[in-house]
Amino acid sequence: MKLRAFTPKITDKPSHLPALGAAVLLSLSVAPSWAQDAEAEAHAGHGASAKTMEEMNHGAVSHDAMSMEMDMNMDDMSTMDRNGEMAPGMTHEGAALEKKDDMTDRGAMSMQGGAAPLDARDPHAYSGGHDFGPFPLRLADRHNFGALLVDRLEAVRADDDDFVAYDLQARYGRDYDRLVLKAEGDVSDGALEEGSTQLLWGHAVAPFWDTQLGLRYDTGEAPDQGWLAFGIQGLAPYWFEVDAAAYVGAAGRGAVSVEAEYELLLTQNLILQPHVEMTAYAKDDGERGLGSGLSDVVLGLRLRYEIRREFAPYIGMEWVGTYGGSADYARAAGKNTDEMRVVAGLRFWF
Amino acid sequence: MKRPSHPALVLPNLPRRRFLQGLAAGGVLAGLAPLLKPARAQAAAAAASGYAPELRGTEFDLTIAESRVNFTGAPCIATTVNGSLPAPTLRWREGDTVTIRVTNRLREDTSIHWHGMILPSQMDGVPGISFKGIAPGETFTYRFKVAQSGTYWYHSHSGMQEQTGLFGAIIIDPAAGAARRAERDYVVQLSDWTDEDPMRIFAKLKAQSDYYNFNQPTAGNFFRDVSQDGLTAAMAKRRMWNQMRMNPTDLADISAYTYTYLTNGTTPAGNWTGLFKPGERVRLRFINGSAMTFFDVRIPGLKMTVVQNDGVDVEPVTVDEMRIGVAETYDVIVEPQDEVYTIFAQSMDRSGYARGTLAVREGMTAGVPALDAPEPLSMGDMMGAMGGGMAAMPHGGDGAMAMDHGAHAMGATTVRVRHATTEYGPSVDMRVDTPRANLDDPGVGLRNNGRRVLTYADLRTVGGALDPRPAEREIELHLTGNMERYTWSLDGLEFGKSTPVHFRHGERLRVILHNDTMMTHPMHLHGMWSELENAKGEFQARKHTISVQPAQRISFLVTADAPGRWAWHCHLLYHMDAGMFRQVVVA
């Protein structure tokens, strides 16, 4: 959810005021289905098409749908299975029958995620009603672990502006539920031009995916604004790191951002990281020079050298394109609607 | 992995820190080791190491405290027993009742677990299960009858103290008087030392589970495969791994990047040495006391005759090499004729090695072999019998045919695998539906290496099973985890979410362990023997720790004759602490 888009500070353009409903619909469908699409492509060979959240939850139960990790709460699902409230086609066997002609894919697909079949074992079946006895034993699954990743702390050279950008993520908690702090922004001449901070509850919903729910607060030269944030973050097949979120603000404001990156190991220490992000808004925001619809696209390529895993200087390039209303604002401010930037910075974590 | 092109660099991919230390330690890295005297001074510290003192008798006083050590050039604090790392070797006699007073001089709780010993549950030494642990300043008295003989070991079962040095050997002489099978008898205890705080390691793995893996597939590997095998083959080789977000080089969670591998508490440069006279028979009692490291052990130039495993005599089998899982013990007999041999124990991920020497006098060294190239996990390690050892999964009808053949070759079970309902959530990153059940696989990195490598199929306990009864009941547990999150569990449930496993007192039980992960897990059931059986259900070997390979499904029989509460867990320390752990209640 990069807000690093060069935001011309002009305020005289009226907004288009699209419906809040459209914004919410957009946000709900875009964010999760991004990851689902990736899953669907991974389980190739079945002609799975992109599915909206609605289709995923209520539509035809194809095997592809079954193996999507995204749309199901596993515990609820298995409960439903045991209670027999779900159509037979929902079971593993049913799905398998449809695809028995393709063993390879069935093998791959049934190995991860999915819903428990009707005859799945009860993991508590062997307890015989026994408890843990008089002594407490607390292992690391009950410990809280914390980490702070400063993914980007970089000097940016843009067409007519030099500034410093930061993007960090901290987390604290247990394996499946944790607090997540995300912060990013641009600092120019010692002043925060624009910054966005999110405090989220991260909750594991599938082997590689966490939902993130919380608040986002923007500060900077434009007036502060708050948002409700709903996102999903995780690892898509083929190792694409995906972070997608929808935001709902006051007065019908809405935003969607999708970000993906990949780490290409040139050597064990030299890593090339392509990166793409897109941001769209539901409504014009003249103060920030943001128009409704697709606002900006950022394509980045960073090459870092991990002196240690935790400490990696990098250099890179970034192309930023502005679209729609945002492009109009940019033009009105006498700026280009796309530009190439050079970045150099440090990635570190502990 | 980028192999070093310079053959003299016997330790590839070392961090700069260790590299420099290695040079400072006497040019071992430059291949000059044979010319130099053992640099035992390198390990000089407050803690005694190298030869653990041997304590005999029936009464023992053990004091657990912090000691200064220095294995890498950086002074560190270890957890020791009577100031020794490894802890003193305890020599007992079968039939005796031993009394061990353990005093805690640490600032945290401690405990000692007698690994593999059959004893009352309140003497088993697992805080939170068998007792409340030993508080700082407190003395706990263990007293139990020694009802077995052989090579065992003991270690802390509290926190991360096993990683920081609290482990030692137990040798129990048979009541009938040892029919001494060898003129020389040495404990060879292997371990992995780190200067890092173990909880810091844990936090790093939680943040980046491949933190310590410097053998990852790179773009260079890909282009090399393309040039050798063509683009299609190179893509096919990677397709399923990448699709599933699985790493075929995930051979060990923690590598020599942080670990220094020790033989009897001595660094490779320190070169622990056992003496012999040519023609003598030498018994080596290998104990893997490491926290996380599987070792592949061989002694170039010598055949090893395995005579005992996990304290239990086995029908002798002669091999060139063996993999020793964490917490396992193997007694071997060797008959050296030359003057000097290297005991070479490379870690399973080939990032480093522990080393010792057998020689006719102190100060001698034989050549140290280069580390083998690390071998990536196979499709069989991912998919079990369905993987069939194929390099890549073909797509479509032909693939199904090929898989059928593969399945037979790999000893496929015909059972339809039932996973637990809790294996379909975030805690489990993969499940195996077509496990392999064969025991004759030495495991990744040892297949077809030209040496005769021990497998579980070679282990045959002398005298057969203890209990002739067939199993009355079956219990099935799946070994599960999520590498990306670095969570480890059984049936998808970490210990904190689990409920105990109930064994009915007196029953004969079959336990099925089914590995849904791509790592090998040494599973240790406390208090009772695990009688391993082969895929046909025939008794194989009596063990206290059974390594279950990736995508493998094994079974063992238990006689639940030990009432009380017992621990049952993966003996990889960080897996155990992550929650790959159950309490067993025998009642």
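Two strands are said to pair when DSSP finds at least two bridges between them, and with that in mind this tour of a predicted model can begin in a sheet of chain B.

**The four-stranded sheet of chain B**

Select strand β2 (residues 59-69) of chain B together with β3(B), and you will see that the two run antiparallel and are joined over six bridges. To fix the register by eye, display A65(B), which stands opposite T80(B) in β3(B). Now widen the selection to the open sheet to which these strands belong, which has four strands in the order β3-β2-β5-β7 (chain B) and mixed pairing. The edges of this sheet are β3 and β7 (139-145) of chain B, each of which pairs on one side only, and the twist from one strand to the next averages 20°.

**A cis peptide bond**

Follow the chain onward to the loop between β3 (76-81) and β4 (87-93) of chain B, where P86(B) is found. The bond to inspect here is the one between L85(B) and P86(B), a cis peptide bond with omega of about 0°.

**A hairpin in chain B**

Next, select strand β15 (residues 304-309) and strand β16 (residues 312-319) of chain B, an antiparallel pair joined by five bridges. As a reference point within this pair, N309(B) stands opposite V312(B) in β16(B). The two strands form a hairpin with two residues between them, and D310(B) in the turn has a positive phi of about 55°.

**Two more positive phi values, one in each chain**

Move to chain A and select D189(A), in the loop between β3 (177-188) and β4 (191-206) of chain A; this residue has a positive phi of about 50° although it is not a glycine. Is D189(A) buried or exposed? D189(A) counts as exposed because it has 8 C-beta neighbours inside 10 Å, and the cut-off for exposed is 12 or fewer.

Return to chain B for Y486(B), which lies in the loop between β21 (473-482) and β22 (487-490) of chain B and has a phi near 55°, again a positive value in a residue other than glycine. Y486(B) is buried, because 24 other C-beta atoms lie within 10 Å and the cut-off for buried is 20 or more.

**Helix α2 of chain B and what covers it**

Select helix α2 (residues 198-207) of chain B and colour its buried residues, which are P198(B), I201(B), F202(B), K204(B), L205(B) and K206(B). Which elements cover them? The cover includes β1 (145-157) of chain A, together with β10 (184-194) and α7 (573-578) of chain B, and a view along this helix therefore takes in elements of both chains.

**The contact between the chains**

With both chains displayed, select the residues through which they touch: 68 residues of chain B are in contact with 54 residues of chain A. On the chain B side, the elements that each supply at least two residues are α2, α3 (219-229), α4 (231-244), α6 (397-409), β21, β23 (501-503), α7 and β31 (581-586). Colouring that side of chain B by residue class gives 30 nonpolar, 23 polar and 15 charged residues.

**Chain A as a whole**

Finally, hide chain B and look at chain A alone, which has seven helices and 13 strands. Of its 350 residues, 41% are buried. Among the contacts in chain A with a separation of 6 or more, 57% are between residues 24 or more positions apart.

Terms used:
Residues numbered from 1 in each chain as written. Chains lettered and ligands numbered in written order. Predicted model: local features only at pLDDT ≥ 70, side-chain atom pairs only at ≥ 80, totals over all residues. Contact = placed C-beta atoms within 7 Å. Axes fitted to C-alpha atoms, helices over the stretch in contact; angles between N-to-C directions. Nonpolar A, V, L, I, M, F, W, Y, C, P; charged D, E, K, R; others polar.
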